[in-house]
Structures are given as structure tokens and as C-alpha cells.
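This report describes how one pair of helices packs in a single protein chain. The sequence and the structure come first, and the text then works outward from individual residues.

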Amino acid sequence: MGATPSSIARTEGPTAGAATNAAAAQEASSASEPYAQPPMPRLRRAETFEEKLYRKFSEEPLVPIGCLATAYCLGAGIRSFYQRDTHNQQKMMRLRVAAQFTTLMIFVGYAGWN
């Protein structure tokens with residue numbers, strides 16, 4: 001024996017039914033009106049490469065430092081390889097891996113921070 005909204009409105013009295021009918025009429029009239037247009041977004045000029053580079057370096061300064069440290073260790077390791085200095089080559093390649101790991105953890109830290 002399910003009660004419909006109209007039967008509930010009839011049992012509650014004439015004022016409750018009028019409020020329900022008014023709400024239904026308001027929903028019907030708002031459905032027939034067209035949607036209001038949202039305000040137009042303001043267009044910004046495109047960011048140049050130099051501006052983006054400066055912005056990224058200022059937001060996350062440790063990431064480029066880690067990249068430079070990784071590149072230095074890689075270059076020094078390759079130079080040691082050509083000079084046949086195996087001890088220094090191994091040391092530099094291990095430092096490169098450590099610098100890469102540190103840079104990655106810094107990057108993840110910045111991503112979690114923001």
C-alpha cells in the first residue's frame with residue numbers, strides 16, 4: 001500500500017497540498033526557461049617558454065639542482081670511462097644513481113606538497 005505524494009498531501013490538509021503544488025509548478029517553470037549563460041572566462045596570453053621555465057624554477061628550485069647534479073655525475077663518469085679510470089668511473093656512476101634517486105624523491109615531495 002504505497003502512498004503517493006498526492007494522497008499524502010490530501011491527508012495532511014489543504015495548506016500542505018498547496019505548498020507541494022507550488023513547488024511542482026516552480027520546478028516546471030524553471031525547466032522550461034533556458035539556462036543562464038555562465039560569465040565568459042578571461043583569456044590570458046600564452047606563457048612563453050622562458051616564463052614557464054622561470055616559474056617552474058622558482059616554484060621547485062631543488063629539482064633543477066638535482067638534474068644538474070645528475071648530469072655532472074654522468075658526464076664525469078663518461079669522462080672516467082674514456083680515461084680508463086675504473087675506480088672513479090664506478091664511483092661516479094653510483095653517485096649518479098644516488099643523485100637521480102634524490103631528484104626523484106624531491107620531485108615526489110613537491111608533488112605531495114602541492
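Val-97 is partly exposed in this predicted model, because its relative accessible area of 45% lies between the limits for buried, under 20%, and exposed, over 50%. The residue sits in helix α5. Its C-alpha atom is separated by 7.7 Å from that of Thr-70, and the two residues are 27 residues apart along the chain. Thr-70 belongs to the buried residues of α4.

Ala-99 is also placed in helix α5. With a relative accessible area of 14%, Ala-99 is buried, because the cut-off is 20%. Leaving aside residues up to four places away in sequence, Ala-99 touches Ala-69 and Thr-70. From Ala-99 to Cys-67 the distance is 7.9 Å, C-alpha to C-alpha, across a sequence separation of 32 residues.

**The two helices**

The dimensions of α4 and α5 are set out below.

| Helix | Residues in helix | First to last C-alpha | Expected at 1.5 Å a residue |
|---|---|---|---|
| α4 | 21 residues | 31 Å | 30 Å |
| α5 | 28 residues | 40 Å | 40 Å |

For α4 the span is close to the expected one, and the span of α5 is likewise close to its expected value.

Helix α4 covers residues 62-82 and helix α5 covers residues 86-113; they pack at an angle of about 165°, their axes 8 Å apart. Since an angle over 145 degrees counts as roughly antiparallel, α4 is roughly antiparallel to α5. The crossing in which α4 passes α5 is left-handed. Sorted by type, the residues of this contact comprise 17 nonpolar, eight polar and one charged.

**Buried residues**

Which residues of α5 are buried? They are Gln-89, Met-92, Ala-99, Thr-103 and Tyr-110. These buried residues of α5 pack against α3, residues 49-59, as well as against α4.

In α4 the buried residues are Val-63, Pro-64, Gly-66, Thr-70, Cys-73, Ala-76, Gly-77 and Ser-80. Their packing partners are α3 and α5. An α-helix has 3.6 residues a turn, so residues three or four places apart point the same way.

**The loop between the helices**

Arg-84 lies in the loop that separates α4 from α5. Just after α4, this residue takes a positive phi of about 60°, although Arg-84 is not a glycine. Most residues other than glycine have a negative phi. Is Arg-84 buried or exposed? Arg-84 counts as exposed, because its relative accessibility is 74% and the limit is 50%.

**The chain as a whole**

The protein chain contains five helices and zero strands. Along the sequence its pattern reads α-α-α-α-α. Of its 114 residues, 16% count as buried. Taking contacts between residues at least 6 apart in sequence, 49% join residues at least 24 apart. One contact described above, that of Ala-99 in α5 with Thr-70, links α5 to a buried residue of α4.

Notes: Residues are numbered from 1 along each chain as its sequence is written. This is a predicted model: local features need pLDDT of at least 70, side-chain atom pairs count only at pLDDT 80 or more; totals for chains, interfaces and linings use all residues. Side-chain values use heavy atoms; hydrogens and water are left out. Axes are lines fitted to C-alpha atoms, for helices over the stretch in contact, and angles run from 0 to 180 degrees between N-to-C directions. Helices (H or I, at least four residues) and strands (E, at least two) are DSSP runs, numbered from the N terminus. Angles under 35 degrees count as roughly parallel, over 145 as roughly antiparallel, 65 to 115 as roughly perpendicular and the rest as oblique. A crossing is left-handed if the near helix is turned anticlockwise from the far one by less than a right angle, and right-handed if clockwise. Ala, Val, Leu, Ile, Met, Phe, Trp, Tyr, Cys and Pro count as nonpolar, Asp, Glu, Lys and Arg as charged, and the others, Gly among them, as polar. The expected span of a helix is 1.5 Å times one less than its number of residues. Buried means under 20% relative accessible area, exposed over 50%, partly exposed in between (1.4 Å probe, protein chains only). Contact means heavy atoms within 4.5 Å.
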